[in-house]
Amino acid sequence: MRRRTGYNPKRRIAPADLLDPTARAALAARVAYGGNPEHKRSPGDYGLSPPADPRPAKTLCDGERPVLKPEAVALVRAGLLKGTMSTTPPVGWPRNIWAVSASGEVFEAQLENATQGIYHGYPMPADDDFRRVVLREWIARG
């Protein structure tokens, strides 16, 4: 199987009314963050095993600055609460969740365990055009 080069052009943010605030809050209360050793320069407080071993082609979630696990969890929860997620069925976890940090960094989280609602995430690269879509929706959704 060939690896995709470039960014996924099929990404879409779900309509704001896909899930009501109660349903989004229920997901946010259960979501978890696992991290991915391929996206770490240093494992920090993630308890990753095997030891962190980033691959050169992967975006590092801690490339610019350390992102500790509590912040990563808070970002994923904030994205769920705002509804900046991919379209998902009424039951289940969205494939992607997007969030913007207090300093304006745009993050993308990907589902890694659909049974437990565990995600890993990373900052979106500046050359990924979808960053602008996420920023626009983040602001529009308050």
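A residue is called buried here when its relative accessible area is under 20%. The structure is a predicted model, and 40% of the 142 residues of the protein count as buried by that cut-off.

**Overall arrangement**

The protein has 3 helices and 4 strands, which follow one another along the sequence as α-β-α-β-β-β-α. Among contacts with a separation of 6 or more, 52% are between residues 24 or more positions apart.

**The sheet**

The 4 strands make an open sheet with mixed pairing, in the order β1-β4-β3-β2. Strands β1 (32-33) and β2 are the edge strands, each with a single partner, so each has one side without a neighbour in the sheet. Strand β3 (residues 106-113) runs antiparallel to β4, and 6 bridges join the two. One of the residues concerned is Asn113, whose bridge partner in β4 is Ile118.

**Aromatic rings**

There are 2 aromatic pairs. One of them is formed by Trp93 and Tyr119 and is edge-to-face, with 6.4 Å centre to centre and 75 degrees between the planes. Trp93 belongs to the loop between α2 and β2 (96-100), whereas Tyr119 belongs to strand β4 (residues 118-123), so the pair ties together parts that are 26 residues apart in sequence. Are Trp93 and Tyr119 buried or exposed? Both residues are buried. A further ring, that of Trp138, has the charged end of Lys82 over it, 4.4 Å from the ring centre.

**Helix α1**

Helix α1 spans residues 21-30, and its residues Arg24, Leu27 and Ala28 are buried. Viewed down the axis of α1, the buried residues fall within an arc of 100 degrees, so they line one face of the helix. In general, an α-helix has 3.6 residues a turn, so residues three or four places apart point the same way. The buried residues of α1 pack against α2 (69-82). The face turned away from this buried side carries Thr22, Ala29 and Arg30, which are exposed. Thr22 also takes part in a contact at the start of the helix: a side-chain oxygen of Asp20 comes to within 3.0 Å of the backbone nitrogen of Thr22.

**Distances**

The table collects the distances given above.

| Partners | What is paired | Distance |
|---|---|---|
| Trp93 and Tyr119 | ring centre to ring centre | 6.4 Å |
| Lys82 and Trp138 | charged end to ring centre | 4.4 Å |
| Asp20 and Thr22 | side-chain oxygen to backbone nitrogen | within 3.0 Å |

Terms used
Residues numbered from 1 in each chain as written. Predicted model: local features only at pLDDT ≥ 70, side-chain atom pairs only at ≥ 80, totals over all residues. Heavy atoms only, no water. Buried < 20%, exposed > 50% of the residue type's maximum accessible area, 1.4 Å probe, protein only. Arc of directions from axis to C-beta. Contact = heavy atoms within 4.5 Å. Polar contact = N/O pair within 3.5 Å; in protein donor to acceptor, adjacent residues only side chain to side chain. Phe/Tyr/Trp six-rings, centres within 6.5 Å; stacked < 30°, edge-to-face > 60°. Lys NZ or Arg CZ within 6 Å of the ring centre and 35° of its normal. Pairing = 2+ DSSP bridges.
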